Amino acid sequence: MASLKLNNLCKVFKTDRKAEVTALAGINLEVPDGELMALVGPSGCGKSTLLRLIAGLDHPSNGSISLGNKEVNNIKPQDRDVAMVFQNYALFPHLTVEQNIIFSLKFRKIPKSEMQSRVDDAADLLGITDFLQRKPAELSGGQRQRVALGRAMVCKPKIFLLDEPLSNLDARMRAEMRAEIAKLHNRLRTTMIFVTHDQTEAMTLGQRICVINKGKVMQVGAPLDLYQRPVHKFVGDFIGTPGMNFIRGRLDVLDGSNVFIEDTKDGDGDSLHLPEIFSKAVAKFNGIKVLLGIRSEHLKLIEKGIGFKVTLDTVETLGHESLLHIRTAANKMIVRSSGNDQSNFNGKILEINWSNVIWFDYNSGLALI
Ligand code: ATP
């Protein structure tokens with residue numbers, strides 16, 4: 001077991017046409033010993049590159065990688081004590097499950113009896129004992145995934161790297177395997193880094209989540225922290241289904257009272273009186289363009305009252321809840337409503353739960369308060 005520390009890790013690829021692609025632009029990250037960290041971000045943000053650098057399959061252009069306080073930049077992959085589980089499982093088709101699992105131990109100086117007992121323990125833990133003599137083609141996707149995990153486990157690595165391990169499975173199997181990986185981590189307590197582009201997977205599995213965009217760390221924190229207190233608009237939008245709603249406008253003082261004025265194509269839209277708690281913010285950010293960030297469960301459609309006037313576009317009925325797609329003068333939003341209360345759909349005024357609002361700078365996307 002070991003902690004992981006990445007210091008200003010950079011990777012620039014040179015393409016055939018001599019162009020440069022910056023895949024990682026100075027990643028700083030610490031993963032304590034025994035943590036299960038989810039690494040999440042959109043396609044192309046640098047997740048796989050980061051794992052490959054940690055595993056030693058590629059070299060950083062700059063920066064350092066330390067495992068348990070020891071820099072490993074110049075240590076060969078096989079000597080790093082890191083096991084990687086790939087998206088496509090990477091099993092040998094001509095070998096049985098048992099031979100696939102034992103294969104990773106062949107180049108280590110481990111007595112045969114010890115090898116067999118490691119395979120048996122892993123197979124038992126992962127529930128694949130009955131399949132040990134089958135070939136990978138005779139297994140389901142979930143079973144193959146277990147074999148890939150078994151192959152990593154028998155090496156007793158200091159750290160597991162899982163690169164989108166569930167993306168080839170159907171939704172039900174993904175949920176099952178998610179629970180299995182959590183259970184496995186609970187049993188082994190080994191440091192694990194789990195890469196996914198699926199924020200639900202990251203939220204449900206990661207003890208902490210690291211959100212990456214364009215080769216940079218946007219935020220690291222516990223799942224609820226990221227959901228409730230995103231430090232950047234990107235995180236608010238990326239984490240949560242649906243993502244955070246954003247209303248563009250500015251904070252101002254009108255006739256002695258604090259207001260938020262929606263910004264429309266044709267100038268000022270509706271203005272809303274803000275509660276007293278925002279008076280300091282209004283004084284500080286008066287006049288600058290901001291984004292009002294609000295989760296769909298903190299919005300409500302009401303018949304009468306103070307709020308934005310809205311138009312209801314569509315209703316997505318999910319059974320336990322409904323998602324109301326609405327429009328203000330300049331913004332589209334989603335309001336979450338309890339599934340069986342049709343009366344909630346008819347309101348035309350948008351009520352905002354102000355205590356859950358996050359203000360973002362319109363230009364930088366950074367949270368202001
Ligand atoms: P996905 O979720 O789609 O797998 P990712 O977040 O894992 O994406 P990477 O595969 O790490 O992203 O790629 C990061 C960036 O680096 C992308 O812009 C990609 O095109 C580029 N890249 C990756 N490998 C190379 C390479 N060998 N040569 C040139 N560019 C590369």
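**Around the ligand, then out to the rings**

Let's start at the ligand: the residues around it, meaning those with a heavy atom within 4 Å, are F13, V21, A23, P42, S43, G44, C45, G46, K47, S48, T49 and E164. A word on what you're looking at: this is a predicted model, where local features need pLDDT of at least 70, side-chain atom pairs count only at pLDDT 80 or more, and totals for chains, interfaces and linings use all residues. Residues are numbered from 1 along each chain as its sequence is written, and side-chain values use heavy atoms, with hydrogens and water left out.

By class, that shell has 5 nonpolar, 5 polar and 2 charged residues. Here Ala, Val, Leu, Ile, Met, Phe, Trp, Tyr, Cys and Pro count as nonpolar, Asp, Glu, Lys and Arg as charged, and the others, Gly among them, as polar.

Now for the polar contacts, which are pairs of N or O atoms within 3.5 Å. The side chain of T49 has an N or O atom 2.5 Å from a ligand oxygen. For S43, a polar side-chain atom lies 2.6 Å from an oxygen atom of the ligand, and for S48 the corresponding distance is 2.8 Å. On its own the ligand has 640 Å² of accessible area (Shrake-Rupley method, 1.4 Å probe), and the protein covers 60% of that. Strand 2 (20-31) and helix 1 are the elements that give two or more residues to the shell; helices (H or I, at least four residues) and strands (E, at least two) are DSSP runs, numbered from the N terminus.

Helix 1 gives the most, with 3 residues. So how enclosed is helix 1 by the rest of the structure? Largely, because 7 of its 9 residues (47-55) are buried, where buried means under 20% relative accessible area, exposed over 50% and partly exposed in between, with a 1.4 Å probe and protein chains only. Those buried residues are K47, T49, L50, L51, L53, I54 and A55. After the helix comes G56, with a positive phi near 90°.

Elsewhere, look for the aromatics. Rings of Phe, Tyr and Trp (its six-membered ring) pair if their centres lie within 6.5 Å, with planes under 30 degrees apart counted as stacked, over 60 as edge-to-face and the rest as tilted. The whole structure holds 8 such pairs. W354 and W359 are stacked, because their ring centres are 6.4 Å apart and their planes are at 20°. W354 counts as buried at 15% relative accessibility, and W359 is buried at 1%. Ring pairs join both tryptophans with F260, F278 and F308 in a cluster.

Terms used: A polar contact is a pair of N or O atoms within 3.5 Å; within protein, one must be able to donate a hydrogen and the other to accept it, and residues adjacent in sequence count only if both atoms are side-chain atoms.
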